[in-house]
Amino acid sequence: MELFWSSLRFITIDILLRAAYFPAWWYTKGFMNILLFVWRQIQSLAASLSLSVLTRNLFQPMYGLRDRTSRVISFFVRLAHLVLLFFVECLWTILVAALAVVWLLFPLVVLVNLLYQFGLTDENFLFSIFV
């Protein structure tokens with residue numbers, strides 16, 4: 001009989017309290033973990049692309065050639081390289097920031113879909129919220 005009461009206590013207290021705590025965790029600590037992940041991803045890509053090194057060496061001639069033509073060609077090649085890598089960095093930042101937005105919206109989308117599947121709302125529910 002003791003096993004029954006301890007099992008019932010586990011089910012009612014532990015599982016139900018954890019299920020009730022889940023939304024609070026999702027939007028607080030879980031979201032902070034996602035923001036930390038996004039920040040680390042942006043920093044990691046910036047470090048691997050070495051944009052700061054590229055900007056420091058923008059006016060340095062490539063291959064040690066120091067005549068005017070080589071300096072002009074080196075400048076424009078490095079400038080094109082810098083613009084391309086900056087574009088890649090911006091694109092990656094947008095993609096991982098979208099991950100944070102998806103993290104915030106995911107439980108709401110699941111809730112609306114559950115309500116729709118159980119027949120508690122119609123297909124125009126989302127439109128009626130925003131209109």
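Among the elements of the protein chain in this predicted model, helix 2 (residues 29-49) has the highest mean pLDDT, at 95, whereas helix 5 (residues 125-130) has the lowest, at 68. Over the protein chain, the mean pLDDT is 89, and 96% of the residues reach 70 or more. Where pLDDT is low, the predicted coordinates should not be read in detail.

Helix 1 covers residues 2-27, a run of 26 residues. From the first C-alpha of helix 1 to its last, the distance is 38 Å, close to the 38 Å expected at 1.5 Å a residue. Helix 1 nevertheless contains a kink of about 35 degrees, located at Tyr21. The proline Pro23 follows shortly after this position.

Helix 2 has 21 residues, which should span 30 Å at 1.5 Å a residue; the end C-alpha atoms of helix 2 are 30 Å apart, so the two values agree. The buried residues in helix 2 are Gly30, Phe31, Ile34, Val38, Ile42, Leu45 and Leu49. Because these buried residues fall within an arc of 120 degrees when helix 2 is seen down its axis, they line one face of the helix. The face turned away from this buried side carries exposed residues, namely Lys29, Met32, Trp39, Arg40 and Ala47. Cover for the buried residues of helix 2 comes from elements including helix 1, helix 3 (51-56) and helix 4.

Two residues in the loops that follow have a positive phi without being glycine. Most residues other than glycine have a negative phi. Ser50, which is not a glycine, has a positive phi of about 55 degrees. This residue comes just after helix 2, in the loop between helix 2 and helix 3. With a relative accessible area of 30%, Ser50 is partly exposed. Tyr63 is likewise not a glycine, and its phi is positive at about 60 degrees. The loop between helix 3 and helix 4 holds Tyr63. Tyr63 counts as exposed because its relative accessibility is 75%, and the cut-off for exposed is over 50%.

Helix 4 (residues 68-117) has 50 residues and reaches 71 Å from its first C-alpha to its last. This distance is close to the 74 Å expected at 1.5 Å a residue. A kink of about 40 degrees lies at Leu105 in helix 4, and the proline Pro107 comes shortly after it. The buried residues of helix 4 are Ser70, Ser74, Arg78, Leu82, Leu85, Glu89, Val96, Ala100, Trp103 and Val112. Among them are the charged-type names Arg78 and Glu89 as well as the serines Ser70 and Ser74. Just after helix 4, Gly119 takes a positive phi of about 80 degrees. Ser74 lies in helix 4. The relative accessible area of Ser74 is 3%, so this residue is buried, the cut-off being under 20%. The side chain of Ser74 reaches the backbone oxygen of Ser70 at 2.8 Å, and Ser70 is itself one of the buried residues of helix 4. Apart from residues up to four places away in sequence, Ser74 touches Gln60, Pro61 and Met62.

Definitions and conventions
Residues are numbered from 1 along each chain as its sequence is written. Side-chain values use heavy atoms; hydrogens and water are left out. Helices (H or I, at least four residues) and strands (E, at least two) are DSSP runs, numbered from the N terminus. Buried means under 20% relative accessible area, exposed over 50%, partly exposed in between (1.4 Å probe, protein chains only). A polar contact is a pair of N or O atoms within 3.5 Å; within protein, one must be able to donate a hydrogen and the other to accept it, and residues adjacent in sequence count only if both atoms are side-chain atoms. Contact means heavy atoms within 4.5 Å. pLDDT is the predictor's confidence in each residue, from 0 to 100. The expected span of a helix is 1.5 Å times one less than its number of residues. The bend at a residue is the angle between axes fitted to the seven residues ending there and the seven starting there. The arc is that of the directions from the helix axis to the C-beta atoms.
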